[in-house]
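Welcome, and please take a moment to turn the model around before reading on. The paragraphs below will lead you through it step by step.

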Amino acid sequence: MDGRSRARLIARERALVNALAREHGGAAMTETAIGTALSLLDFRNERKGEFVRLITEFETKIDRRLRALLLDLGYECRLRGWPKPMVVSLVRTPEENAAVGAKSQTHVDGRAADLRDRPDFSAAIVEYVNSWHGTGPQACAYRHDAGNGLHFHLQVPRAGVVGADQKET
């Protein structure tokens with residue numbers, strides 16, 4: 001396959017992923033859409049019952065922009081031959097948020113995801129997300145240790161936040 005054909009195929013597949021994310025923004029996802037999510041993202045977790053919880057949250061509780069960002073990152077990882085991003089945390093209750101010492105409500109609001117750390121690809125993943133999805137109030141990706149070990153944190157702004165000078169709380 002020549003470079004031009006590959007670029008067209010990549011653009012078409014990326015459009016499909018983004019269309020699925022938009023189409024299922026607030027509604028329950030179809031089996032096809034869930035299958036796409038499972039092919040691009042890893043929801044395994046050591047904690048009992050977390051797989052079902054994470055899939056349910058991905059399907060119905062997270063912000064559609066975060067869903068699109070996660071699907072896009074999963075697709076990019078596949079293109080680059082990297083392992084699927086492993087989602088370890090999506091929505092938290094206020095009590096769970098307090099227990100981990102969180103300083104913001106992004107997980108409670110369904111606007112944040114934590115992914116298992118990938119040391120070999122960490123800088124490239126953060127660079128990719130921030131280059132395509134913006135930084136600051138537009139979107140955010142960073143690698144940090146919030147007390148539970150190194151992981152990737154992705155978040156999207158509150159709906160309606162557009163100014164670069166507005167900070168998340």
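**A walk through the chain and its spaces**

The largest cavity holds about 60 Å³ of space. Keep in mind as you look that this is a predicted model. A search of the whole structure finds 1 cavity of 30 Å³ or more. Which elements give two or more residues to the lining of the largest cavity? They are α4 (64-80) and β2. Among the residues around this space you can find Leu73, Cys77, Trp82, Leu115, Phe121 and Phe152. Two arginines, Arg116 and Arg118, also belong to the lining. By class, the lining of the largest cavity is made up of 10 nonpolar residues, 2 charged ones and no polar ones.

Now step back to the chain as a whole. How many helices and strands does the protein chain have? There are 6 helices and 4 strands. Reading from the N terminus, you meet the elements in the order α-α-α-α-β-α-β-α-β-β. The chain has 169 residues, and 45% of them are buried.

With that order in mind, look for the largest pocket, whose volume is about 720 Å³. The pocket is lined by 32 residues, and those closest to its centre are Arg92, Val100, Asp114, Asn148 and His151. Several elements each supply at least two residues of this lining: the helices α3 (50-60) and α5 (94-99), together with the strands β1 (87-89), β2 (112-116), β3 (140-145) and β4 (150-155). Sorted by class, the pocket lining has 13 polar, 10 charged and 9 nonpolar residues.

From the spaces we can turn to single residues, starting with two cysteines. Is cysteine 77 buried or exposed? Its relative accessibility is 1%, so cysteine 77 counts as buried. You have met Cys77 already, as one of the residues that line the largest cavity. Cysteine 140 sits in strand β3. Its relative accessibility is 16%, and because the limit for buried is under 20%, cysteine 140 counts as buried. In space, the C-alpha atom of cysteine 140 is 6.3 Å from that of asparagine 130, although 10 residues separate the two along the chain. As for sulfur bridges, the count of disulfides is 0.

Next, find aspartate 120 in the loop between β2 and α6 (122-133). Why does this residue count as exposed? Exposed means over 50% relative accessible area, and aspartate 120 has a relative accessibility of 71%, so the residue counts as exposed. Its C-alpha atom is 9.4 Å from that of tryptophan 82, with their positions 38 residues apart along the chain. Trp82 is itself one of the residues lining the largest cavity.

Helix α5 is the place to look for glutamate 96. With a relative accessible area of 29%, glutamate 96 is partly exposed. Glutamate 96 and valine 108 are 12 residues apart in sequence, and their C-alpha atoms are 8.9 Å apart in space.

Finally, have a look at the aromatic rings. What lies over the face of phenylalanine 58? It is arginine 67, at 5.7 Å from the ring centre. As for rings that pair with one another, a search of the whole structure finds 1 aromatic pair. Such a pair of rings is described by the distance of the centres and the angle of the planes.

Terms used. Residues numbered from 1 in each chain as written. Predicted model: local features only at pLDDT ≥ 70, side-chain atom pairs only at ≥ 80, totals over all residues. Heavy atoms only, no water. 1 Å grid on protein atoms, 1.4 Å probe; cavity = no way out; pocket = protein on both sides within 12 Å on 5 of 7 lines; lining within 4 Å. Points joined across faces, edges and corners; volume = space filled by probe spheres on them. Nonpolar A, V, L, I, M, F, W, Y, C, P; charged D, E, K, R; others polar. Phe/Tyr/Trp six-rings, centres within 6.5 Å; stacked < 30°, edge-to-face > 60°. Lys NZ or Arg CZ within 6 Å of the ring centre and 35° of its normal. Disulfide = S-S within 2.5 Å. Buried < 20%, exposed > 50% of the residue type's maximum accessible area, 1.4 Å probe, protein only.
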